[in-house]
Amino acid sequence: MRVDDWAALQYMLDSGVSPDTVCPFEHFLYFDDARLAGFAALALQDVGYQTEVEPAAGGEWLLVVYAYHCPRADELERRIAFLEQIADSFGGEYDGWGVPVRR
């Protein structure tokens with residue numbers, strides 16, 4: 001994981017989120033080609049992820065991958081590594097994760 005991933009995870013835990021609570025995560029992958037983003041989305045759907053492809057700034061395509069897992073470093077590292085592999089396989093780039101803000 002990158003330094004900013006560790007910092008964001010630590011912020012979640014410091015905010016009171018239990019490492020044993022399943023939380024919604026959004027992972028972001030970028031592609032230059034809509035067709036390749038769609039193929040990556042289908043590959044991820046085949047293994048149970050929910051996805052959404054939308055146009056992004058600069059002519060790129062954003063693939064949002066919705067996942068539900070515990071905010072633990074080992075789990076996050078495993079998912080990031082898998083999503084980086086998928087992005088690379090289809091000519092894209094993994095660009096991090098976030099969690100939806102609850103109000």
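**Warm-up.** Are Phe25 and Trp97 buried or exposed? Both are buried, where buried means under 20% relative accessible area, exposed over 50% and partly exposed in between (1.4 Å probe, protein chains only).

A word on the model before going on. It is a predicted one, in which local features need pLDDT of at least 70 and side-chain atom pairs count only at pLDDT 80 or more, while totals for chains, interfaces and linings use all residues. Residues are numbered from 1 along each chain as its sequence is written, and side-chain values use heavy atoms, with hydrogens and water left out.

**Exercise 1. Find the aromatic pairs and say what each one links.**

Step 1: set the rule. Rings of Phe, Tyr and Trp (its six-membered ring) pair if their centres lie within 6.5 Å; planes under 30 degrees apart are called stacked, over 60 edge-to-face, and the rest tilted.

Step 2: search. The whole structure yields 2 aromatic pairs. Phe25 and Trp97 make a tilted one, with 5.4 Å centre to centre and 50 degrees between the planes.

Step 3: place that pair. Phe25 sits in strand β1 (residues 23–31) and Trp97 in strand β4 (residues 93–98), so the pair ties together parts 72 residues apart in sequence. Helices (H or I, at least four residues) and strands (E, at least two) are DSSP runs here, numbered from the N terminus.

Step 4: take the other pair. Tyr49 and Phe82 are stacked, at 6.2 Å centre to centre and 15 degrees between the planes. Tyr49 belongs to the loop between α2 (34–46) and β2 (50–55), and Phe82 to helix α3 (residues 73–89), so this pair ties together parts that are 33 residues apart in sequence.

Step 5: check burial. Tyr49 counts as buried because its relative accessibility is 11%, whereas Phe82, at 28%, counts as partly exposed.

**Exercise 2. Work out the strand order and see which helices pack on the sheet.**

Step 1: pair the strands, which takes at least two DSSP bridges between them. The 4 strands form an open sheet in the order β2-β3-β1-β4, with antiparallel pairing.

Step 2: look at the edges. β2 and β4 each have a single partner strand, so one side of each is left without a neighbour in the sheet. On average, neighbouring strands are turned by 25 degrees against each other, direction ignored.

Step 3: zoom in on one pairing. Antiparallel β1 and β4 are joined by 4 bridges; Leu29 has Tyr94 in β4 as its bridge partner.

Step 4: add the helices. α1 packs on the sheet, touching β1 and β4, and its direction makes about 15 degrees with that of β4. α2 packs there too, touching β1, β2 and β3 (61–69), at about 15 degrees to the direction of β3. Axes are lines fitted to C-alpha atoms, for helices over the stretch in contact, and angles run from 0 to 180 degrees between N-to-C directions; contact means heavy atoms within 4.5 Å.

**Exercise 3. Sort the residues of α1 by burial.**

Step 1: list the buried ones: Asp5, Leu9 and Met12. Down the helix axis they fall within an arc of 55 degrees (taken from the directions from the axis to the C-beta atoms), so they line one face of α1.

Step 2: find what they pack against, namely β1, α3 and β4.

Step 3: turn to the face away from the buried side, which carries exposed Val3, Tyr11 and Asp14.

Step 4: pick out Asp5. Its relative accessible area is 4%, and, leaving aside neighbours within four places in sequence, Asp5 is in contact with Ile80 and Trp97.
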